[in-house]
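Here's a quick tour of a fold, going sheet by sheet. Have the viewer open as you read.

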Amino acid sequence: MAVLAGCTRSTTSTPERKVFIARNGEKYILYRDGKPFTVKGAAGFTDLRKLHEAGGNTIRTWDTLHLGSILDSAYANNIAVIAGFPMPVSNFLPYYKDRSKVSMQYAAFRDIVNRYKSHPALLMWCLGNEVDFPSRPRYNAFYSAYRRLVKMIHAEDPDHPVTTALINVNRRCIYNIRFKVPDLDLISFNIFGALKEIEKDLKDFAWFWDGPFLITEWGINGPWESEFTAWGAPIENTSTKKAEQYRELYEQFMPVQHPRYLGSCIFYWGRKQEVTHTWFSLFTEEGAQSETVDVMQYLWTGKWPGSKAPMLKYMLLAGRGARDNIMFRPNTLQSAEVLFQGTPGDSLRIHWEILEEDWYTKNKYETNTQKPAVFDSLLLSFGAHTAAFRSPAKEGPYRIFATVYDNNGHFASTNTPFYVVGQ
């Protein structure tokens, strides 16, 4: 049973189309401009020159904001674009039952398709990110709007496939896509800790669905999958440990030999606040790149860059690590130290910051996207790899960050959560 959400339309070999998916036996192949194309990509839309230099060939976006300039920049750097259409989640029923809003969305999306469908950097459209595909009849309005949008995109732009991004290999969603949205060309997955199970998940569900797939986000365990302190702050690994984990995930668990695999996009190529400003960020605001970028160059090209990022062991606060549940009295003198792997060079510079823990969550779908304010006045003095600071006066959870820079455009990062206990 060779079906996906209507894979029949995209698996027909039609060389005149700019981008299409062909099936040869059990294997699916993505073609772009008549040639096989495997996505070696990144989720994000900045630092595209460095993506190309590292061997990457694709980016994935989540909305159409500045899409024209993103496509132009991608084309200039020989990068393809999976362009995302933002959609409210399926359980936002007041939206989908409002005919005027749905009609406005349809018109806006059609305008975007017609504006950019001929751009040479466009690879495919991604209709919604983690919108969820439920079963109950109460969601009929969502499915009606969604199916109409898929049909519109195919009618206006037959040259580019349409996908959607799910959280993990979600059987319920795939089942409902198969029967309720049969015109999608392929399914994409955002997958982090569950990447280790993807081969098994695909095999166990192949009796129902054996269509092509992309991985539109993959990476290290997110804050929701991490270890936590006693007060619930997720514990973040050093950039060095994260680079090791990215390499292990790709080499051991990325299904690059799977006949239905069309490629993957690492998360996150750029800078992003998600619990911390360093958890997923592979670049700093100044454009310095992390050790993970070095790793991806090796994985994509088989070659390491000429110089590598600084390598860290961990950070200690008063001789203790994050898993020691560090608590301080307010307004007390404390110390922090960064320990390196190997002998650090004299040219390394450390930037220290103290921030309140980022607890903000508007709802389960929207978290804070802005870096919290920095308490610069609490930092008192600095050694080569150390800092003295005063604990905040206000009770609550905090983190101290150390970002290490070299002279070759690299950075390394580590941070430690601590809690200030009131009188």
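Two strands count as paired when DSSP finds at least two bridges between them. Keep in mind that this is a predicted model.

## The open sheet

With that in hand, take M327: its bridge partner in β21 is Y419. That contact belongs to the pairing of β13 with β21, which is parallel and has two bridges. The full sheet is open and has four strands, ordered β13-β21-β20-β15, with mixed pairing. At the edges you'll find β13 (327–328) and β15 (349–356); each has a single partner strand, so one side of each has no neighbour in the sheet.

## A hairpin inside it

Strands β20 (residues 396–405) and β21 (residues 411–420) run antiparallel and share ten bridges. To find your way along them, look for F401, which sits opposite N415 of β21, and V404, which sits opposite A412. Together the two strands make a hairpin with five residues between them, and G409 in the turn has a positive phi of about 80 degrees.

Is β21 mostly covered or mostly open? Mostly covered: nine of its ten residues are buried, where buried means under 20% relative accessible area.

## The barrel

Now for the other sheet. Eight strands close into a barrel in the order β4-β5-β6-β7-β8-β9-β10-β11, and the pairing is parallel. On average, neighbouring strands here are turned by 25 degrees against each other, direction ignored.

For a close-up, try β5 (residues 58–60) and β6 (residues 80–85), parallel strands joined by three bridges. Here R60 has I82 of β6 as its bridge partner. Helix α5 (residues 140–156) packs on this sheet and touches β6, β7 (122–129) and β8 (162–167). The direction of α5 makes about 170 degrees with that of β7.

## Helices α8 and α9

Elsewhere on the barrel, helix α9 (residues 291–301) lies across β4 (39–43), β10 (213–218) and β11 (261–267), at about 165 degrees to β11. Helix α9 also packs with α8 (residues 239–253), at an angle of about 20 degrees and with the axes 8 Å apart. Angles under 35 degrees count as roughly parallel, so α8 is roughly parallel to α9. The crossing is right-handed.

Which residues meet there? From α8 they include Y246, R247 and Y250, and from α9 they include V295, L299 and W300. Sorted by class, the contact of α8 with α9 has eight nonpolar, three polar and four charged residues.

Definitions and conventions. Residues are numbered from 1 along each chain as its sequence is written. This is a predicted model: local features need pLDDT of at least 70, side-chain atom pairs count only at pLDDT 80 or more; totals for chains, interfaces and linings use all residues. Side-chain values use heavy atoms; hydrogens and water are left out. Axes are lines fitted to C-alpha atoms, for helices over the stretch in contact, and angles run from 0 to 180 degrees between N-to-C directions. Contact means heavy atoms within 4.5 Å. Angles under 35 degrees count as roughly parallel, over 145 as roughly antiparallel, 65 to 115 as roughly perpendicular and the rest as oblique. A crossing is left-handed if the near helix is turned anticlockwise from the far one by less than a right angle, and right-handed if clockwise. Ala, Val, Leu, Ile, Met, Phe, Trp, Tyr, Cys and Pro count as nonpolar, Asp, Glu, Lys and Arg as charged, and the others, Gly among them, as polar. Buried means under 20% relative accessible area, exposed over 50%, partly exposed in between (1.4 Å probe, protein chains only).
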